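Visitor: I would like to learn how the terms in a structure description are earned. Please take me through them one at a time.

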Amino acid sequence: VFLPKGRPPNVGERFVQSELAASLQYMADEEAAHKSKGRVAGLKAARDAFYKGDIAKKIAQYHKDNGGWVTADDLAAYEVSFEKPVSTHFHGVDVYACGPWTQGPVLPQTLNLLSGYDLKAMGHNSAAYVHTLTEALKLSFADRHRYYGDPKFVKVPLDVLLSQEYAAERRKLIRADAASPGMPNAGDIAGFPPAIPLPSVTPGDPNPPPDTSYVSVVDRHGNAFSATPSDASSATPVIPGIGLCPSSRGSQSWCDPNHPASVAPGKRPRLTCSPAMALRNGKAYMPFGSPGNDVQPQAMLQVFLNLHVFGMDLQSAIEAPRFATYSYPSSSEPHTYLPARLTLESRVPRATGDALASLGHDIKWWPELEEAAGAVCAVRVNPETGVLEGGADPRRLAYALGW
């Protein structure tokens, strides 16, 4: 499919995906055949063509023939649900994120922890600032590891995890003079199972291959959209006859039955994809997000603070030097764990890296602009003028467009 004539297509050469085209045409034809019954009936027919018709049959048959687990019944029973987001308030902005079937609550949890600090006084990307953000993120990731999972299957104590009282207690664990040697303990919440043991320390590169996209849109009416579409086409086969790659996000489930994100029939993996939306006075202010696996909330946090603590314009906030901790078990199989690992883009001064190392961080260096550091994109509604401002990250292929 992707190497016609045994090679990648040349720039400007016509590239044909005939099986994918046939799948799209089949769905369009099914819609057209039912259009006399109305728009909704037509869309349902197109959807049924995918989840119950010929496309579903080919997906199910491929899994059956190759030891997969997805069945025709699985596909037919699938439904998209509308779920309440999680949120917090920070510096006059309400920040909304996806629920605990993703790592979405990491961002508001970390903002709650940081609300108790004068971050601006620390100085942007100073050793004290990077250290404080890193230690706060490690506390949030510890709670992610212990509590986050599909809320249709596991109880997640969001009311506690997102409370300011809980943040105040957890904040006491952040030491200004020393980094936690690994991922700290999760918070103990009455009525919930004990903490899950950490995996063994993992050597090597913590980053899976990049495969995620992000898109944000604000229209002239003030409607806003924020989404992180991602299915790892590099890690799942193209199903013969349909030209599609069904999701391989099951690789972000855990095999430990005691883990809240353990694999189970019908249960969603705890996805890293975690778009966000900021509101001011109840109106859309800034949809924002990033690709980057476990780095997503870290990159988003830094850009958000660059804007709302340090007063940067949107593009400068996105381009500013970035850092990321890996001191937690990764969401993706094989769930790598690199205690104390902190990686900095090389535009961060070496003296800052040395100061962080003296606090106990295991410092590694990225190039000046590193794709593993995320690729934050956003649209901001300027609160003074109402003008829409778009920003795109040069760390990956990204664009800001307006018309």
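Guide: Start with the polar contact: a pair of N or O atoms within 3.5 Å, where, within protein, one must be able to donate a hydrogen and the other to accept it, and residues adjacent in sequence count only if both atoms are side-chain atoms. The model is predicted, so local features need pLDDT of at least 70 and side-chain atom pairs count only at pLDDT 80 or more, while totals for chains, interfaces and linings use all residues. Residues are numbered from 1 along each chain as its sequence is written, and side-chain values use heavy atoms, with hydrogens and water left out.

Visitor: What makes the pair Glu-135 and Lys-138 a polar contact?

Guide: The distance is 2.8 Å between their side chains. The limit is 3.5 Å, so the pair qualifies.

Visitor: Why is Glu-135 called buried?

Guide: Buried means under 20% relative accessible area, exposed over 50%, and partly exposed in between (1.4 Å probe, protein chains only). Glu-135 has 5% relative accessibility, so it counts as buried. Glu-135 is found in helix α7. Helices (H or I, at least four residues) and strands (E, at least two) are DSSP runs, numbered from the N terminus.

Visitor: Which residues is Glu-135 in contact with, leaving aside its neighbours within four places in sequence?

Guide: Contact means heavy atoms within 4.5 Å. With those neighbours left aside, Glu-135 is in contact with Ile-174, Ala-178, Ala-179, Ser-180 and His-361.

Visitor: Why is the link between Glu-83 and Arg-268 called a salt bridge?

Guide: A salt bridge is a side-chain nitrogen of Lys or Arg within 4 Å of a carboxyl oxygen of Asp or Glu. Here the N to O distance is 2.7 Å, so the pair fits. Glu-83 lies in the loop between α4 and β1 and Arg-268 in the loop between β4 and β5, so the pair ties together parts that are 185 residues apart in sequence.

Visitor: Is Glu-83 buried, exposed or partly exposed, and how do you know?

Guide: Glu-83 has 33% relative accessibility, so it counts as partly exposed.

Visitor: Which residue besides Glu-83 meets Arg-268 in a salt bridge?

Guide: Arg-268 also meets Asp-150, at 2.8 Å, N to O. This pair links distant parts of the chain, 118 residues apart. Asp-150 sits in the loop between α7 and α8. Its relative accessible area is 1%, so Asp-150 is buried.

Visitor: How many salt bridges does the structure hold?

Guide: The count is 18. One of them joins Asp-393 and Arg-322, with the closest N and O atoms 3.0 Å apart. Asp-393 is in the segment after β11, and Arg-322 in the loop between α11 and β7, 71 residues apart. Arg-322 has 1% relative accessibility, so it counts as buried. Salt bridges that share partners join Arg-322, Glu-345, Arg-347, Asp-393 and Arg-395 into one network.

Visitor: What makes α7 oblique to α10?

Guide: Axes are lines fitted to C-alpha atoms, for helices over the stretch in contact, and angles run from 0 to 180 degrees between N-to-C directions. Angles under 35 degrees count as roughly parallel, over 145 as roughly antiparallel, 65 to 115 as roughly perpendicular and the rest as oblique. α7 and α10 pack at about 135 degrees, with axes 11 Å apart. That angle falls in the rest, so α7 is oblique to α10. The contact residues include Leu-133 and Phe-141 of α7 and Leu-301 of α10.

Visitor: Why does α5 get the word oblique with α10 too?

Guide: The axes of α5 and α10 come within 10 Å and cross at roughly 45 degrees. That makes α5 oblique to α10, because the angle belongs to none of the named ranges.
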